[in-house]
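Please find below a colleague's note on the structure, set out as numbered points. It is meant to be read alongside the sequence and the coordinates.

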Amino acid sequence: MTVDVSSEKAFTLIELIIAMALLAIVMTIAMPNVSLWMKNSAFSAVSRDLVSALRLGKSTAVSSNVNVVARFVSGAYTPAGGVGSYMVFIDDGSGGGTAGNTLRDGGERVLAQQDMPKGVSLTLTNFGNVVTFNNRGFASSSGIVTLKNEFRERTVVFTLAGAVSLQ
């Protein structure tokens, strides 16, 4: 019994090399776009997390009948990021702290806290770096928090009425 080799379907070495070369070209073109997409996706997530933290602070202030403070640390923009942080906490004096002093002391409960990750800078606040939400959901001041990465800038805006939005 003989087998006719010419009737079998297979790729030649030349076809495989051409396919690998085309794949390499496509990957070279696509990788910068994928990298940019990943950086912007992470930046958007940090921005949304900040909005969520402020909204959580406002709703906790109303539902628990307490003052909730958001405290920001900002700095100068750097492409490497990692600049700035925020903390949202209940300022009720629990655990030996002092209620209403806008400082987290004693055992006051932290609702949200984040240091800015690599590539993201918290660069500007225009309200003195501290805002307090009272038991009616009103903010002690209105303000803007600016987040930057090497490609984009987003602002988180909050009003005296306690509305928080991402722009």
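The points below take up the overall form, the helix, the aromatic pairs, the charged contacts and some backbone details.

1. Status and content of the model. The structure is a predicted model. The protein holds one helix and eight strands. In sequence order these elements follow the pattern α-β-β-β-β-β-β-β-β, with the helix ahead of the strands.

2. Overall dimensions. For 167 residues the globule rule gives 15 Å, whereas the radius of gyration of the protein is 26 Å, so the protein is more spread out than a compact globule. The C-alpha trace spans about 95 × 40 × 25 Å along its principal axes. As to burial, 35% of the 167 residues count as buried.

3. Distance along the helix. Helix H1 comprises residues 13–64. Ile-14 belongs to helix H1, and its relative accessibility of 56% puts Ile-14 in the exposed class, for which the threshold is over 50%. Between the C-alpha atoms of Ile-14 and Val-46 the separation is 48 Å, with these positions 32 residues apart along the chain counted as their sequence distance.

4. Nonpolar surface on the model. Which residues make the nonpolar surface patch of about 640 Å²? The patch is formed by Leu-23, Met-27, Met-31, Val-34, Trp-37 and Met-38. Of these residues, Val-34 may serve as an example: Val-34 is located in helix H1, and its relative accessibility is 37%, so Val-34 counts as partly exposed.

5. Aromatic pairs: Phe-72 with Tyr-86. The model has three aromatic pairs by the ring criterion. In one of them, the ring centres of Phe-72 and Tyr-86 are 6.3 Å apart and the planes stand at 45 degrees, so this pair is classed as tilted. Phe-72 is part of strand E1 (residues 68–73) and Tyr-86 is part of strand E2 (residues 85–90), so the contact ties together parts that are 14 residues apart in sequence. Both Phe-72 and Tyr-86 are buried.

6. Aromatic pairs: Phe-72 with Phe-127. How are the rings of Phe-72 and Phe-127 placed relative to each other? Their centres are 5.6 Å apart and their planes are at 85 degrees, so the arrangement is edge-to-face. This pair links distant parts of the chain, 55 residues apart: Phe-72 is in strand E1, while Phe-127 is in the loop between strand E4 (121–125) and strand E5 (130–133). Phe-127 is buried, as is Phe-72. Ring pairs join Phe-72, Tyr-86, Phe-127 and Phe-158 into a cluster.

7. Contacts of Lys-148. Side chains of opposite charge can pair when their charged atoms come close. The model has one salt bridge by the distance criterion. In this salt bridge the side chains of Glu-153 and Lys-148 meet, with an N to O distance of 3.5 Å. Both partners are partly exposed: Glu-153 has a relative accessible area of 48%, and Lys-148 has one of 26%. Lys-148 also lies over the face of Tyr-77, at 5.7 Å from the ring centre.

8. Positive phi values. Most residues other than glycine have a negative phi. Asn-65, which is not a glycine, has a positive phi of about 55 degrees. Asn-65 is situated in the loop between H1 and E1 and is exposed, its relative accessible area being 54%. Asn-129, likewise a residue other than glycine, has a positive phi near 75 degrees. The location of Asn-129 is the loop between E4 and E5, and Asn-129 is partly exposed at a relative accessible area of 25%. A reviewer may wish to inspect the backbone at both positions.

9. A contact distant in sequence. Where does Met-116 lie? Met-116 is in the loop between strand E3 (110–115) and E4. With a relative accessible area of 5%, under the 20% cut-off, Met-116 counts as buried. Met-116 and Ala-42 are 74 residues apart in sequence, and their C-alpha atoms are 11 Å apart in space.

Conventions: Residues are numbered from 1 along each chain as its sequence is written. This is a predicted model: local features need pLDDT of at least 70, side-chain atom pairs count only at pLDDT 80 or more; totals for chains, interfaces and linings use all residues. Side-chain values use heavy atoms; hydrogens and water are left out. Patches are made of residues with over 30% relative accessible area and no salt bridge: like charges are joined within 9 Å, nonpolar side chains (Val, Leu, Ile, Met, Phe, Trp, Tyr) within 5 Å. Accessible areas come from the Shrake-Rupley method with a 1.4 Å probe; for residues, only the protein chains shown count as cover. A salt bridge is a side-chain nitrogen of Lys or Arg within 4 Å of a carboxyl oxygen of Asp or Glu. Helices (H or I, at least four residues) and strands (E, at least two) are DSSP runs, numbered from the N terminus. Buried means under 20% relative accessible area, exposed over 50%, partly exposed in between (1.4 Å probe, protein chains only). Rings of Phe, Tyr and Trp (its six-membered ring) pair if their centres lie within 6.5 Å; planes under 30 degrees apart count as stacked, over 60 as edge-to-face and the rest as tilted. A charge sits over a ring if NZ of Lys or CZ of Arg is within 6 Å of the ring centre and within 35 degrees of the ring normal. The radius of gyration is taken over C-alpha atoms; the globule rule is 2.2 Å times the number of residues to the power 0.38.
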